[in-house]
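Me: Please take a close look at a single part of this model. I would like one pocket and the segments that go with it.

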Amino acid sequence: PLIISNHPDLQHVAERFGIPFYLFPITKETKEEQEKKEMELLAKHKVNFIVLARYMQVISERMIDAYPNRIINIHHSFLPAFVGAKPYHAFERGVKIIGATSHYVTTELDAGPIIEQDVVRITHKDTVEDLVNKGKDLEKIVLSRAVQKHIERKVLAYKNKTVIFS
């Protein structure tokens, strides 16, 4: 029903599809207040699950508790390897594949129950920029598969694992 973003450059995406867009710029000082406003907006629109894409913020325990196993994140690596913000730089270690992982958000960063993963092969000829571009394509595919499985109720989360029904 809406797009909430901390990036003003995503407004054109919302406009293209006729989706209401709300901008909440976030700094260290405003994070708690902005998240409270986001949660009020989500409640107003009766949102029952959240998809994070390019959000790049640690979600508070309060929000995670309000949406248990209903916040889906995309991470630009094959978790549990290469957690954090710059996993493509793992190319310096000579990796031969890069991946993307979609998972439910928990209070432990990039450690929630995994819904979907995929990989793409790379070579020594690839630059970090090549890895980022290949990874962005893969992230879209993995995230869309995870969202599809979630909305079709094909995901059962138990402890920190998932069972995916076909």
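Reply: What follows covers the second largest pocket, then a hairpin, then two loop residues.

This is a predicted model, in which local features need pLDDT of at least 70 and side-chain atom pairs count only at pLDDT 80 or more, while totals for chains, interfaces and linings use all residues. Residues are numbered from 1 along each chain as its sequence is written, and side-chain values use heavy atoms, with hydrogens and water left out.

The second largest pocket holds about 200 Å³ of space. A pocket here is an open set of points on a 1 Å grid over the protein atoms alone, where a 1.4 Å probe fits, with protein on both sides within 12 Å along at least five of seven lines. Points join across faces, edges and corners, and the volume is the space filled by probe spheres set on them.

Its lining consists of N48, F49, N69, R70, Y104, H150, I151, R153, V155, L156 and A157. Lining residues have an atom within 4 Å of a point. Two or more of these residues come from each of α4 (128-151) and β7 (155-158). Helices (H or I, at least four residues) and strands (E, at least two) are DSSP runs, numbered from the N terminus. β7 gives the largest share, three residues. By class, six lining residues are nonpolar, three polar and two charged. Nonpolar covers Ala, Val, Leu, Ile, Met, Phe, Trp, Tyr, Cys and Pro; charged covers Asp, Glu, Lys and Arg; the others, Gly among them, are polar.

Now the strand itself. β7 runs antiparallel to β8 (residues 161-164), joined by four bridges. Strands pair if DSSP finds at least two bridges between them. Y158 has K161 of β8 as its bridge partner. The two strands form a hairpin with two residues between them. K159 sits in that turn, with a positive phi of about 55 degrees. Most residues other than glycine have a negative phi. K159 is exposed because its relative accessible area is 71% (exposed is over 50%, buried under 20%, partly exposed in between, with a 1.4 Å probe and protein chains only).

K46 also has a positive phi near 55 degrees. K46 lies in the loop between α2 (31-44) and β3 (50-52). At 72% relative accessibility, K46 is exposed.

Last, T106, in the loop between β5 (97-104) and β6 (114-121). Beyond its neighbours within four places in sequence, T106 contacts I64, A111, G112, P113 and N160. Contact means heavy atoms within 4.5 Å. The C-alpha atoms of T106 and D65 are 8.8 Å apart, across 41 residues of chain. T106 counts as partly exposed, at 25% relative accessibility.
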